[in-house]
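Visitor: Labels in structural biology can seem arbitrary. Could you show me the reasoning behind a few of them?

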Amino acid sequence: MVVGAAIVRDGRLLAQQRAYPESHAGQWELPGGQVEAGEKPEDALVRECEEELGVTVVVGGQVGPDVPLKKDVVLRIYAAALGGGEPEALEHNAVRWLTADELSGVDWLPADRVLVPALQALLT
Ligand SMILES: Nc1nc2c([nH]c(=O)n2[C@H]2C[C@H](O)[C@@H](COP(=O)(O)OP(=O)(O)OP(=O)(O)O)O2)c(=O)[nH]1
């Protein structure tokens, strides 16, 4: 499983722009990554947000459906709130806070594009 964080602050969603691999560089995604063996999805999300953004997050409920990525792998998004720290793009090109109106115009990774309606609902 790959987990992603829908971090909302002041009515905006945090997105980050991939720096690698070349095929996806420049496209946008939510902070997160692969759940390791024996790890809980929520714990993986906390770990990835520390690694990628330098922040602590408090994980809430699932947002939207599980989206298939490839055989036996899904992307699952959880709502999250910033616990401490200001997000920085430590492993990515950039981070950006998006309003509900901006979500549909972003060059998302394909799986994240599927989740735009659920993310808009989270912001409104
Ligand atoms: N983190 C993240 N990955 C996503 C999203 N949407 C999506 O299709 N993916 C895909 C891209 C990658 O194939 C995979 C996650 O890879 P990753 O590179 O972020 O995860 P990771 O840090 O655990 O991997 P690694 O660099 O250690 O190999 O899931 C998303 O919103 N967030």
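Guide: Here is a predicted model, taken label by label.

Visitor: Why does Val-57 count as buried?
Guide: Count its neighbours. Val-57 has 25 C-beta neighbours inside 10 Å. The cut-off is 20 or more. So Val-57 counts as buried.

Visitor: Where is Val-57 found, and what is it in contact with, leaving aside neighbours within four places in sequence?
Guide: Val-57 is in strand E5. Beyond those neighbours, its contacts include Ala-5, Ile-7, Leu-45 and Ala-80. Contact needs C-beta atoms within 7 Å.

Visitor: What makes E5 and E6 a pair?
Guide: Bridges do. Two strands pair if there are at least two bridges between them. E5 (residues 56–70) and E6 are joined by 9. Therefore they pair, and they run antiparallel. One partnership is Pro-68 with Val-74 in E6. The hairpin of these strands has 2 residues between them, and Asp-72 takes a positive phi near 65 degrees there.

Visitor: How do you know that E1 pairs with E6?
Guide: Apply the rule of at least two bridges. E1 (residues 2–9) and E6 (residues 73–84) have 6, so they pair, in the parallel sense. Gly-4 stands opposite Ile-77 in E6.

Visitor: What makes Gly-4 part of the ligand's surroundings?
Guide: The cut-off is a C-beta atom, placed from the backbone, within 6 Å. Gly-4 is listed among the residues around the ligand, as are Val-2 and Glu-29. The largest share of that shell, 3 residues, comes from E4.

Visitor: How do the shell residues divide by type?
Guide: They divide into 6 nonpolar, 4 polar and 2 charged. Gly counts as polar.

Key
Residues are numbered from 1 along each chain as its sequence is written. This is a predicted model: local features need pLDDT of at least 70, side-chain atom pairs count only at pLDDT 80 or more; totals for chains, interfaces and linings use all residues. Helices (H or I, at least four residues) and strands (E, at least two) are DSSP runs, numbered from the N terminus. A residue is buried if 20 or more other C-beta atoms lie within 10 Å of its own, exposed if 12 or fewer, and partly exposed in between; C-beta atoms are placed from the backbone. Two residues are in contact if their C-beta atoms, placed from the backbone, lie within 7 Å.
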